[in-house]
Amino acid sequence: MLFHVRMDVNIPADMRVEVADEIKAREKAYSQALQKSGKWPHIWRLVGEYANYSIFDVESNAELHDILTGLPLFSYMKIEVTPLCRHPSSIRDDES
């Protein structure tokens, strides 16, 4: 199942820099492991924002929920999820 996910990050201004840096380092490692596994095939930064658009390729809604709630920055995010399906006019045959 493919999902388009927008993640907006809002780290509190009063969070100590060392704490924020440690959370961001865990977030990077977690996201890169998911990218290598194929579960998170695409991630794009939004210019001028602390936000990203991502595509997830997972087995179920529950799996996506577990992945997103496992993000170290989850507590500081607003997340919007849109399920995707193949468009009938698509000429690609490698899409779910």
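Which side chain meets that of Asp8 in a salt bridge? It is the side chain of Arg6, with 2.8 Å from N to O, and I begin with this pair because, by the cut-off of under 20% relative accessible area, both Asp8 and Arg6 count as buried. Please keep in mind throughout that what we have on the screen is a predicted model.

Let me step back to the overall layout before returning to the charges. The protein chain holds two helices and four strands, and if you follow these elements from the N terminus onward, they come in the order β-α-β-β-α-β. The C-alpha trace spans about 50 × 25 × 20 Å along its principal axes, and 30% of the 96 residues count as buried. If we take the contacts between residues at least 6 apart in sequence, 66% of them join residues that are at least 24 apart.

Now to the interior. The largest nonpolar core has 18 residues, and those with the most contacts inside it are Val5, Met7, Phe56, Leu64 and Leu68. At least two residues of this core come from each of strand S1 (2-9), helix H1 (17-37) and helix H2 (61-69), with S1 giving the most, namely four residues. Val5 is worth a look on its own: leaving aside residues up to four places away in sequence, Val5 touches a list of residues that includes Phe56, Leu64 and Leu68, and also Ile79, Glu80 and Val81.

Back to the charged side chains, then. In general, side chains of opposite charge can pair when their charged atoms come close. A search of the whole structure finds six salt bridges, and the pair I opened with belongs to a network of salt bridges that links Arg6, Asp8 and Glu49.

A second salt bridge joins Lys39 to Glu63, with the closest N and O atoms 2.9 Å apart. This one links distant parts of the chain, since Lys39 lies in the loop between H1 and strand S2 (42-45) while Glu63 lies in helix H2, 24 residues apart. Lys39 has a relative accessible area of 22%, so it is classed as partly exposed.

A third salt bridge brings together the side chains of Glu80 and Lys78, at 3.1 Å from N to O. Glu80, which we met among the residues touching Val5, is likewise partly exposed, its relative accessible area being 40%.

Finally, the charges as a whole: the protein chain carries 11 positive and 15 negative side chains, and the centres of these two sets lie 4 Å apart.

Notes:
Residues numbered from 1 in each chain as written. Predicted model: local features only at pLDDT ≥ 70, side-chain atom pairs only at ≥ 80, totals over all residues. Heavy atoms only, no water. Core = buried A, V, L, I, M, F, W, Y, C linked by side-chain atoms within 4.5 Å. Buried < 20%, exposed > 50% of the residue type's maximum accessible area, 1.4 Å probe, protein only. Contact = heavy atoms within 4.5 Å. Salt bridge = Lys/Arg side-chain N within 4 Å of Asp/Glu carboxyl O. Lys, Arg positive; Asp, Glu negative; His and termini not counted. Charge placed at Lys NZ, Arg CZ, Asp CG, Glu CD.
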